[in-house]
Amino acid sequence: MNVPVSANRRQFLQGSAAVGLVVGFHLPGQERAHAADATGEFVPNAFIRIAPDNTVTVLSKHIEFGQGPYTGIATILAEELDADWAQMRVESAPADATKYANSAFGIQGTGGSTAMANSWDQLRSAGAEARARLVAAAAKQWGVDAASITVEKGVVKDASGKQATFGELAELAQKTEVAGPFKLKEPDAWKLIGTPRLPKVDTLPKTNGTAIYTIDVKMPNMLTCVLARPSRFNAKAKSFDPAPALAIPGVKEVFAVPQGVAVLAENFWAAKKGRDALDVMWDETGTEARSTADIVKQYVALANTRGTPARNDGDVEKALAAGAKVLDATYVFPYLAHAPMEPNNCVIHRTADGGVEMNFGSQLQTVDQNVAAAVLGLKPTQVKINTLLAGGSFGRRATPAGDMAAEAAEVLKGAKHNGPIKVLWTREDDIKGGRYRPIFVHKLRGAVDAQGNIVAWDQVIVGQSFMKGSPFEAGMIKNGIDQTMVEGASTLPYQIPNLRVSAHMTDVGVPTLWWRSVGSTHTAFSTETFLDQLAEAGGVDPLTIRRKLLAKHPRHLGVLELAAAKAGWDKPLPQGRARGIAVHESFSSYVAHVVEVSMGEDGLPKVERVVVAADCGIAINPDVIAAQLEGGMGFGLSAALFASVDLEDGRVVQSNFHDYRVLRINEMPDVEVHIVPSKEKPTGIGEPGTPPIAPAIANAWSKLTGQRVFTLPFAHSAAKA
């Protein structure tokens, strides 16, 4: 993730950011005609263009940074159109929230694993409308009853044998109006939805090098900019001498911006050398100067006190006092970087009409438009955004303050150069000066009775809210708690009669942000491993206790049973291996992991096998779902084993992938993905594959070694052992 969207978040975003927006995909007649003028295209609505050459182009309001929405939305539309898969194309929609708002947010943006859930009804209707008008056009041209016409693989036919392609009918269809509502296909008629091995629409350009990412953009008279940035967060440039940088061949301009000191040059290497030559004095007044150890120490002390209540069922204190066995545990979760393969970047230039044009992987186009416009004194409509492919995000490209758009606009505002400017972050810039998943500390207490039943659960969560002080604060902080901090804990599905969750929100001078799967990145670990501890204390098998406690949650139970069956939960393992299990719901999707681990040569868990079961409603593209679950699992495995951003004296220790470790390809375990058949509407899949892997490993590790893990990553726990 990306932008988190729980039910509460959707309510907020719909209720605040969306104020004043009129959202819809139907183009007025005049606008439709204009869109098709001189092209002979059929443009039935804001999402489809059918050209005379028979290509069908889908306009995606969601950015493609590897999560597969381009293929998903093309599948939905092609299904309702009865198009041939080979004629489908996908382009990014322009930044225009009046046509392309995410209905979960109220603004244009991608996140919260909403792309398919958000597109399902909208694009089915858009496709059905286009199909109806193509059929009506054919009926008019042939003088036949529309009811006699069929459509198959992009060819419209009537019973007499007449036929035409979409492209041949495009111009006439553009002039043909048909009143809705438009009938949608029944599931038993689907030919593309649910089809395994449907080729992804973006595989070819990504493998032959023709796909354009921001880093690939080249424009005449373009300069490249890198910034000298402070080593402590939010420090400001106090003084600097530009001369050493300007002495580097190719360096053209050096000037201060709110984010640091901008160095503009003919190319990246000149700009970087110019930056390296600078000696900037920074004003660090009021900046964060603590180490992560200092912050954790404060958090642990807070976790021993009750926080602001998020949930309170039954009488926890009474149940704890009466328990046959009482356990407690304190969990520590580090700062985490998003570390996408392609760091932040943007190409910006002024346009002849007085506005600006930006080319980059914008994840929140409406926010970015507004932020850039405010910096440059323009109207948001004067900021044209071309959304490009992006090499990953995991939440990094969606910032409440529109960080990348603001920085690019500040550079453009301060530059004398009158042409395009490409602003680039290095990976070191991103690791050492980005935004991070906050540190969290959880304190849990629980009790089992003499029969092994879990009778009490008390959880205190301490952490920094990235909603506080942001435009999202009013909608996302309820009754004194950032709801993203407690999701997955306050919503724990297990039927435990006495259950209490509370939270402390802290103030720390480190910029933080949602990270793939948001609150579930830490709540899934503490709840799923503590449940195993209590099960062990009660002498109950981990799968058995979950079955019992999830009896009223069939979708949780469905993935749990499927994963356990496919993994052979009850079958013996070779010596030196152990199994662990975890199940979690996030973004309205349900995922269970069963893992097998052994002892690695480095003393860390070696994950040998992962069996994944998922329920994300109707599986539009099973292969994309599997890829997302595999990738999400690998992403979570990286964080579980290695990842941590540490501070010393307020400065980030790590700088690149050599010390901010991510999983190597040879470390990827064998993965099996199984999807629960469903008739429910599609839900998210970009993030739900991440949360269960770490607790499943920890539970297996405990069986293998007898050691419980309370501090992530495992590398930190191993170092302390």
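This report covers nonpolar cores, a helix pair, an annotated domain and selected residues of a predicted model.

## Nonpolar cores

The largest nonpolar core holds 73 residues. W457 and F714 make the most contacts inside this core. Helix 21, residues 693-705, gives the most to the core, with 7 residues.

F714 has contacts beyond its sequence neighbours. Setting aside residues up to four places away, F714 touches L604, P605, A640, L641, A694, I697, A698, W701 and V709. Another core lies apart from the largest one. This other core has 51 residues, including A130, F166, I193 and I620.

## Helix 3 against helix 5

Helix 3 spans residues 69-81, and helix 5 spans residues 115-142. Their axes come within 7 Å. The crossing angle is roughly 35 degrees, and the crossing is right-handed.

Helix 3 contributes P69, G72, I73, I76, L77, E80 and L81 to the contact. Across from them, helix 5 offers A115, M116, S119, W120, L123, R124, A126, G127, A128, A130, R131 and L134. By class, the residues of this contact are 13 nonpolar, 3 polar and 3 charged. One of the helix 5 residues, A130, is also listed in the core of 51 residues.

## The annotated domain

A UniProt record, an unreviewed entry, places the feature "domain: Aldehyde oxidase/xanthine dehydrogenase a/b hammerhead" at residues 208-286. In the model, the chain over residues 208-286 is 19% helix and 35% strand. The end C-alpha atoms of this stretch are 50 Å apart.

## The loop between helices 6 and 7

V201 sits in the loop between helix 6 (166-174) and helix 7 (203-208). Is V201 buried, partly exposed or exposed? V201 counts as partly exposed because its relative accessibility is 25%. Leaving out neighbours within four places in sequence, V201 is in contact with Y70, T71, A74, W85 and V90. V201 and P69 are 132 residues apart along the chain, while their C-alpha atoms are separated by 9.9 Å. P69 is also one of the helix 3 residues that meet helix 5.

P181 lies in the loop between helix 6 and helix 7 as well. A cis peptide bond joins G180 to P181, with omega about 0 degrees.

## Helix 21 and the loop after it

N699 is a residue of helix 21. Its relative accessibility is 1%, so N699 counts as buried. Beyond residues up to four places away, N699 touches E528, T529, D532, R546, R579, G580, I581 and R708. N699 and Q533 are 166 residues apart in sequence, yet their C-alpha atoms are 8.6 Å apart in space.

P713 is found in the loop between helix 21 and helix 22 (714-720). A cis peptide bond joins L712 and P713, with omega about 0 degrees. F714, named above for its contacts in the largest core, touches helix 21 residues A694, I697, A698 and W701.

## G632 in helix 20

G632 belongs to helix 20, residues 622-641. G632 counts as buried because its relative accessibility is 0%. Apart from neighbours within four places in sequence, G632 is in contact with R516, G689 and T690. V43 lies 589 residues from G632 in sequence and 37 Å away in space, C-alpha to C-alpha. A640 and L641, two contacts of F714, fall within the residue range of helix 20.

## Positive phi outside glycine

Which backbone feature does A339 show although it is not a glycine? A339 has a positive phi, about 50 degrees. A339 is placed in the loop between strand 14 (325-333) and strand 15 (345-350). A339 counts as buried because its relative accessibility is 10%, and the cut-off for buried is under 20%.

V518 is not a glycine either, and has a positive phi of about 55 degrees. V518 is found in the loop between strand 23 (499-506) and helix 17 (520-538). V518 is buried, with a relative accessible area of 4%.

Methods
Residues numbered from 1 in each chain as written. Predicted model: local features only at pLDDT ≥ 70, side-chain atom pairs only at ≥ 80, totals over all residues. Heavy atoms only, no water. Core = buried A, V, L, I, M, F, W, Y, C linked by side-chain atoms within 4.5 Å. Buried < 20%, exposed > 50% of the residue type's maximum accessible area, 1.4 Å probe, protein only. Helix = DSSP H or I, 4+ residues; strand = E, 2+ residues; numbered from the N terminus. Contact = heavy atoms within 4.5 Å. UniProt positions renumbered as here; feature names shortened; annotations may be inferred. Axes fitted to C-alpha atoms, helices over the stretch in contact; angles between N-to-C directions. Left-handed = near helix turned anticlockwise from the far one by under 90°. Nonpolar A, V, L, I, M, F, W, Y, C, P; charged D, E, K, R; others polar.
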